[in-house]
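Trainee: Got a minute to go through a structure with me? I have a few questions about it.

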Amino acid sequence: MLHITAATFALTWKIYFYSWLKRWDDQKRGIEALGVWFKPLQVEPTCTLNIVTYNACVLVLLRVVGFSAKFQSWALYWYILPSLAGSWLFLQNTYGKRMWAVTPALAINWLCNWFAMFGIGLASLSISMIIYVLGLVLEPMLPKALHYTFSFPLELMELSLQHAVYFMGGMLIFLLLTLPVWAEGYRLNMEVVGRKSNLSYAELALEIVYQASHGCAALFFSAPCAMLYETCGVPLHVIHYLAFGLELVFINSVTQYKFCVLHQLMHDIRPLYHMAHIEHHICKTIHPVSSAVGLWETMVEGGGPFLGGVGLSNIPYFFLQVIYTGANVVVHTMWPAKCLVQWHTLHHVVLADIFNVNIPSPRDEESSKYFARYNQTLEEMSVFVRLKWLSDVTAFAFVLAAGAFAHYVLGGGVVHAWGNAIWTPTI
């Protein structure tokens with residue numbers, strides 16, 4: 001199995017280089033070579049194995065990192081079991097008995113694919129490690145006032161994860177109470193590309209429940225992994241957080257160097273898609289209760305979609321407040337107006353081959369069939385397509401509003417967490 005991991009690790013690095021150098025033909029051949037290491041799988045039982053193994057992994061991570069027994073019990077009853085129940089309800093309704101067709105041969109193939117997927121994850125993680133080392137090299141050039149590491153009380157991290165689950169629960173209730181709005185949003189997105197909607201309210205409601213059931217999947221994987229940095233004796237320094245923050249400011253430009261590459265991989269290699277990304281696309285619709293990733297996708301990304309990996313996940317409330325109340329709401333909402341149609345919602349609703357979230361990358365512009373056919377029409381119709389900066393600005397406005405509400409009304413959030421940081425000098 002380890003030879004599979006080594007091979008996919010090396011091939012992933014080649015694909016990264018070809019992508020960065022815009023050698024698209026070499027990138028295509030690299031993706032084909034990587035795909036050879038993945039075995040074909042039936043979709044239905046693969047989904048079952050994904051949900052069971054992912055949740056088992058979360059329980060192990062929470063224990064290894066040292067989360068309290070009380071929180072582990074809470075996570076089991078408030079996150080793990082609802083995740084399993086919501087997934088079972090949707091998969092049973094969609095696939096019936098086929099979801100249980102897990103044979104020994106299929107389980108072995110799934111395990112081989114997991115090790116192949118793990119190699120991709122290690123390649124992604126190694127990018128974060130390079131950034132980590134560069135940060136240590138450059139740290140002496142910073143003012144001494146910035147020569148610090150910082151961490152947060154475990155109780156605060158636990159509270160932030162609990163609040164994330166409650167937030168997704170609240171969003172779930174809101175979406176169900178406003179179901180006709182999102183049905184209309186779906187119809188309009190389909191109409192834009194000349195298709196008709198055949199979605200019932202019952203089907204729409206079930207899809208919302210399914211997406212909400214693992215809406216915190218990325219958080220419950222990346223937060224413990226971020227804490228492992230410190231456990232393993234490689235704490236993140238202030239300079240690393242400065243680099244992560246700079247990356248976040250230019251998110252739609254930076255994503256083309258890692259996330260976009262992996263995103264395309266997961267769509268081009270079907271067994272990898274079924275292993276890591278299918279949960280994010282299995283529904284006809286998309287909603288802001290989505291975790292924005294498949295269950296095992298965070299591992300494929302080396303802990304997160306950014307070059308810095310899991311880094312910012314170490315700050316309580318950060319991803320909840322900055323991503324899940326901002327960008328996730330913008331790009332994963334089927335707004336019920338054609339002037340608000342977005343590339344990323346079309347990527348979900350009609351599987352448009354645009355892989356760089358809302359702003360098409362140079363690779364998307366060159367090779368996407370949907371871009372060639374619909375870009376001019378969408379630019380005339382939608383402000384999100386016409387004004388490429390608008391997604392980021394809108395997301396930032398949402399983040400500010402959510403942050404103000406969390407801080408001044410609820411007495412929590414990132415600012416509150418920052419006041420509880422434990423600072424340790426590095427010199």
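Mentor: Sure, let's take your questions one by one, keeping in mind that this is a predicted model.

Trainee: How many disulfides does the structure hold?
Mentor: A disulfide is a covalent bond between the sulfur atoms of two cysteines. Take C225: its nearest cysteine sulfur belongs to C57 and sits 7.1 Å away, while a disulfide needs the two sulfurs within 2.5 Å. The count of disulfides for the structure is zero.

Trainee: Why is C283 not bonded to C47?
Mentor: C47 has the closest cysteine sulfur to that of C283. A bond is ruled out because the gap is too far, at 10 Å.

Trainee: Is C283 buried or exposed?
Mentor: Buried means under 20% relative accessible area. C283 has 8% relative accessibility, so it counts as buried.

Trainee: Which residues make the nonpolar surface patch of about 400 Å²?
Mentor: One of them is L21, which lies in the loop between α1 (2-20) and α2 (24-35). L21 counts as exposed because its relative accessibility is 54%, and the cut-off for exposed is over 50%. The full set in the patch is F17, W20, L21 and Y257.

Trainee: Which residue in the loop between α1 and α2 has a positive phi?
Mentor: Most residues other than glycine have a negative phi. In that loop between α1 and α2, a residue other than glycine has phi near 60°, and that residue is K22.

Trainee: What is the phi of L351?
Mentor: L351 lies in the loop between α16 (343-349) and α17 (362-367). With 49% relative accessibility, L351 counts as partly exposed. L351 is not a glycine, yet its phi is positive, at about 55°.

Note on methods
Residues are numbered from 1 along each chain as its sequence is written. This is a predicted model: local features need pLDDT of at least 70, side-chain atom pairs count only at pLDDT 80 or more; totals for chains, interfaces and linings use all residues. Side-chain values use heavy atoms; hydrogens and water are left out. Patches are made of residues with over 30% relative accessible area and no salt bridge: like charges are joined within 9 Å, nonpolar side chains (Val, Leu, Ile, Met, Phe, Trp, Tyr) within 5 Å. Accessible areas come from the Shrake-Rupley method with a 1.4 Å probe; for residues, only the protein chains shown count as cover. A salt bridge is a side-chain nitrogen of Lys or Arg within 4 Å of a carboxyl oxygen of Asp or Glu. Helices (H or I, at least four residues) and strands (E, at least two) are DSSP runs, numbered from the N terminus. Buried means under 20% relative accessible area, exposed over 50%, partly exposed in between (1.4 Å probe, protein chains only).
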